[in-house]
Amino acid sequence: MTDRGVRRALILIFVLGAVARVVAWRLVGGLHPDEFFQTLEPAWWRLNGVGLTSWEWRDGVRSWGLPAYNGGWMALMMSLGVRRGDVLGSIMQLHWALVSLVLVAAGYRGGAFVTRRIQARATTTPVIVRAGDAPAGWQGGLLAAALCALFPIIVWFSPHTLSELPSMLCLVLALTLTTEMTEKDAVSRKRVVLVGFLLSLGVCIRIANAPLALVAPIVLLVRRRFAHVGWMTLGGAAPILIFGVIDLVTWGKFLGSFVGYLDFNLIRGRAAEFGSAPWYGYVADLWHRAPIALVLLVAPLLIRWRATWPFAVSAIGLVAILSTQPHKEERFVIAFWPFVIIGAAGAAGAWLADATTRSRLRWRVTRAVCAIAASIAVLDGALHLAGGDNTFARAKLDGQVVAGGDANVTGLLVDNTFYTGGSLWFGRAVPQLEFEASLLGNSMISHALVVEGSDNERLALDAGFSPIFARDHFVVLRRR
């Protein structure tokens, strides 16, 4: 393949990845409360003076860094006339879905590195790339890019506005850039500082991912790039300073939310109050999510360990370390998938590269086997995509929008305000309260959002409410 052919293939992969993410954005089903209450609702609250605050924002264990970023975009859109909360929230979901295409670029670079690394170990003859030829390692690069673009679990996760997503993007990209640096005798200091900045930013956004940031400097130390580790550390100081100052301004303590987070989760272990799972919980989740894909991806990753170890250590290490914590949610280890994909695709790419030097028949068979294996992995991920922990239906958000869109709304009762889009999706500066039968007699309450056929619906009907909206077992009732 030529250099132009690789660029065209990458453009096509980016386009397909973008289309898949837009589809996921439009069709996303189960939603996690934290994607509103940890990132979007706080921004809406600061911009409009009304919002539902979860315990993190009362106890000071969350940084305002990510909400401030989201709030900046929301403020810009509001200045352009976009005022509806549900529209702003949807735009931010689309924003993060498209930003996640960074994984495609990182996948290409990481997969190509692994392929080149295996090729270099297999022969002492240097690979000569002539002008116009495809870059060395393109086989693994394109395969990794395609899987990062289309693997269903990654695509499904992309529009969810959770801290795991931007943290994952920073850390995956940083590791791929680090591995590339080991191939060069001279690397610009700006490049090394950038990698340090990305690693630190990924940790500042999500502290639980801190173990992942250790792999990149280990890679450099193994290659005896001691000076690079120093410059990387310097680059990592900037996000810590930025987030520390944000905490100083918002919580009154430098890095106050970091200290509070560590105290709550590691020292006092109070995260277990929100549920606990056995030590093998994450392994079971990964197996349940895509059992065939897991085997197809992990096998080449381990077989080619000497070349894939930075990505293998990141993937397996994250799962192993977080498995020591009793409170487990599948989203905490979502970064497992891109790391495994990059390593496995790079290993497969080396097989493809070797086949190109053999007979035409061997090349065709190898290419067909890799294409079939990749297709099976994607299909397997798609077949097991439904479900998730701590999720609620999109229809509940739709019900909030309907209630908030009624010009006569003066108060809304919801069976559980936490399992909603907060005040952002409701979009009204009027009371939104937990459902209590005694409140149905209060004239301030004009609407109720309940489960269809539930006791709460019966109580609302008996109190003089009538349904105005119903979808997927949720119903909105309005006082007659």
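**Close-up 1. Cys170 and Cys204, two cysteines that stay unpaired.** In this predicted model, the sulfur of Cys170 has its closest cysteine sulfur in Cys204, but at 9.7 Å that's too far for a bond. Seen from the other end, Cys204 is in no disulfide either, with the sulfur of Cys170 as the nearest one, 9.7 Å away. A disulfide is a covalent bond between the sulfur atoms of two cysteines. The cut-off here is 2.5 Å between the sulfurs, and by this rule the count comes to zero disulfides. Both cysteines are tucked away from the surface: Cys170 counts as buried at 10% relative accessibility, and Cys204 counts as buried at 6%.

**Close-up 2. Trp57 and Trp64, a tilted ring pair with an arginine over one face.** A search of the whole structure turns up 16 aromatic pairs. Take Trp57 and Trp64: their ring centres are 4.5 Å apart and the planes meet at 55 degrees, so this pair goes down as tilted. Trp57 and Trp64 are both buried. Trp64 has company from a charge too, as Arg46 lies over the face of its ring, 4.7 Å from the ring centre.

**Close-up 3. Phe336 and Trp337, an edge-to-face pair.** Here the ring centres sit 5.3 Å apart, and with the planes at 85 degrees the pair is edge-to-face. Phe336 is buried, at a relative accessible area of 5%. Trp337 is buried as well, at 1%.

**Close-up 4. Six aromatic residues in one cluster.** Phe36, Phe37, Phe392, Phe418, Tyr419 and Trp425 come together as one aromatic cluster. Note how the residue numbers jump from Phe37 to Phe392 within the group.

**Close-up 5. Arg26 over Trp25.** This is another arginine sitting over a ring: Arg26 lies over the face of Trp25, at 5.4 Å from the ring centre.

**Close-up 6. The largest pocket and what lines it.** The largest pocket has a volume of about 820 Å³. It's lined by 38 residues, and the ones closest to its centre are Tyr261, Asn265, Ala271, His327 and Phe332. Three helices, α4 (56-59), α14 (256-267) and α17 (305-322), are the elements that give two or more residues to the lining. Of these, α14 provides the largest share, with five residues. As for the chemistry of the lining, count 21 nonpolar residues, nine polar and eight charged.

Methods: Residues numbered from 1 in each chain as written. Predicted model: local features only at pLDDT ≥ 70, side-chain atom pairs only at ≥ 80, totals over all residues. Heavy atoms only, no water. Phe/Tyr/Trp six-rings, centres within 6.5 Å; stacked < 30°, edge-to-face > 60°. Buried < 20%, exposed > 50% of the residue type's maximum accessible area, 1.4 Å probe, protein only. Lys NZ or Arg CZ within 6 Å of the ring centre and 35° of its normal. 1 Å grid on protein atoms, 1.4 Å probe; cavity = no way out; pocket = protein on both sides within 12 Å on 5 of 7 lines; lining within 4 Å. Points joined across faces, edges and corners; volume = space filled by probe spheres on them. Helix = DSSP H or I, 4+ residues; strand = E, 2+ residues; numbered from the N terminus. Nonpolar A, V, L, I, M, F, W, Y, C, P; charged D, E, K, R; others polar.
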